[in-house]
Amino acid sequence: MENFKVPYGLDSSGILISASNAEKHKAYTCPCCNSQLVHRSGEVRVKHFAHPTSLNCSQESILHITAKKLIEAVMLSNSSSQTKINLSSHCHQCGVKFNAVLPYKTFTSARQEVPVSEYVCDVVGYRNNEIALGVEILNTHEVDSKKASNLPIHWLELKAEDVIATPNQWNPTQSKLKSSFCKSCKEHIKHVQSIADKWNIERNLYSPIKNPKLSVYVADTETCFNCKEEIPVFWWRGVPFCEQEPPEPKPKTIKFRNSKQYGGKYWANTCASCNMTQGDNYLYIFESSPFKNMPLTGKAANQKAGITRVISGKSAAPEFMKVINRNF
Ligand SMILES: [Zn+2]
Ligand SMILES: [Zn+2]
Ligand SMILES: [Zn+2]
């Protein structure tokens, strides 16, 4: 008869105890069906629980129930300042992977099987009576795409076997979480804000995060080619060589300027210090541009004409090919 893998048993007070921490003379039961477990140690180095043959229990149920209880226990332990939780995350600015640490008291309580709108979440962590996070355990079925997009809370999905191996190291298989940033992007975001502050550009006019969904204007910084001051510069939908007036309210350094090289007028970033126009090719198109990965939304023909006219010099041909590859 097939034996179930039982990584954790319940002690007499209903607390999960791993097989390796179990004491020889105490009794433990299956977290799923309550059958008495046999604690095997003896000569075999790896201790484990043996489960009696049963029709009322299954390997899937044991792993699912165990993982749920472990997550609830980790959240409760976090609420009483005993466990910090590591959440493997990726930076929403640059995509780099990093480990975020959820500090003590990220959660103030936790519960299993909580109804959330039309769904039930495996485990929910609360912070001051509000749902802070839902955790779904992936065992045999992943969270389907409908639930994934309709769950009205922050949530993540964890593999049952990962939870059982290390309950406080969370490596989500899918998630909907607040945007998080790596250390260097966090610093860069602060730096952009400080430069914009220095030149009196109000923070509500732009986003320092390079995501076109967050704001009409996205900010970064650039060193003015003329006066060498570090100045704020902006991306918006319509660049490069945007001839239509950009939406209001706009940063005051965006001005309608004539350009001989371009052969007409367009809305350009200007230096907050010396008022000089900062070329669109340097801001948006070249490989070293602060906004090189942001979408270019100007009229293709207009862009193409503008770019061929504006780019000159040794690097013109390769730069032009990059632009062609990016846009067409
Ligand atoms: Zn069982
Ligand atoms: Zn980053
Ligand atoms: Zn300047």
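User: Happy to start with the small open sheet of 3 strands: in what order do its strands run?
Analyst: Strands here are DSSP runs of E with at least two residues, and helices are runs of H or I with at least four, both numbered from the N terminus. Two strands count as paired if DSSP finds at least two bridges between them. The pairing in this open sheet is antiparallel, and the strand order is 16-17-18.

User: Which strands are the edge strands of that sheet?
Analyst: An edge strand here pairs on one side only. That applies to strand 16 and strand 18 (277-278).

User: Which residue is the bridge partner of Thr-270 in strand 18?
Analyst: Strand 17, residues 264-270, pairs with strand 18 in the antiparallel sense over 2 bridges. For Thr-270, the bridge partner in strand 18 is Thr-277.

User: Good. Before we go on, what kind of model is this, and what pLDDT do local features need?
Analyst: Residues are numbered from 1 along each chain as its sequence is written, while chains are lettered from A and ligands numbered from 1 in the order in which they are written. This is a predicted model in which totals for chains, interfaces and linings use all residues, side-chain atom pairs count only at pLDDT 80 or more, and local features need pLDDT of at least 70.

User: What percentage of the 328 residues is buried?
Analyst: The protein has 7 helices and 18 strands. A residue is buried if 20 or more other C-beta atoms lie within 10 Å of its own, exposed if 12 or fewer, and partly exposed in between, with C-beta atoms placed from the backbone. Of the 328 residues, the buried share is 33%.

User: Which element gives the most residues to the largest nonpolar core?
Analyst: A nonpolar core is a set of buried Ala, Val, Leu, Ile, Met, Phe, Trp, Tyr and Cys residues joined through C-beta atoms within 7 Å. The largest one has 37 residues, and Ile-62, Ala-67, Ile-71 and Val-163 have the most contacts inside it. Elements giving it two or more residues include strand 6 (85-90), strand 11 (155-159) and helix 3 (160-165). The element that gives the most, with 8 residues, is helix 1.

User: Leaving aside neighbours within four places in sequence, which residues does Ile-71 contact?
Analyst: Contact means that the C-beta atoms of two residues, placed from the backbone, lie within 7 Å. Ile-71 is among the residues with the most contacts inside the largest core. Beyond those sequence neighbours, its contacts are Val-123, Val-135, Val-163 and Pro-167.

User: Is Asn-129, with its positive phi, buried or exposed?
Analyst: Most residues other than glycine have a negative phi. Asn-129 is not a glycine, yet its phi is about 70°, and it lies in the loop between strand 9 (119-127) and strand 10 (130-138). Because it has 7 C-beta neighbours inside 10 Å, Asn-129 counts as exposed.

User: Where is Asn-200, another residue with a positive phi?
Analyst: Phi of Asn-200 is near 60°. With 11 C-beta neighbours inside 10 Å, Asn-200 counts as exposed. Its place is the loop between helix 4 (183-198) and strand 14 (218-223).

User: And the cis peptide bonds: what is omega from Glu-248 to Pro-249?
Analyst: Most peptide bonds are trans. A cis bond joins Val-239 and Pro-240, with omega of about 0°, and Pro-240 sits in the loop between strand 15 (230-235) and strand 16 (254-259). Pro-249 is also placed in the loop between strand 15 and strand 16. The bond from Glu-248 to Pro-249 is cis, with omega near -5°.
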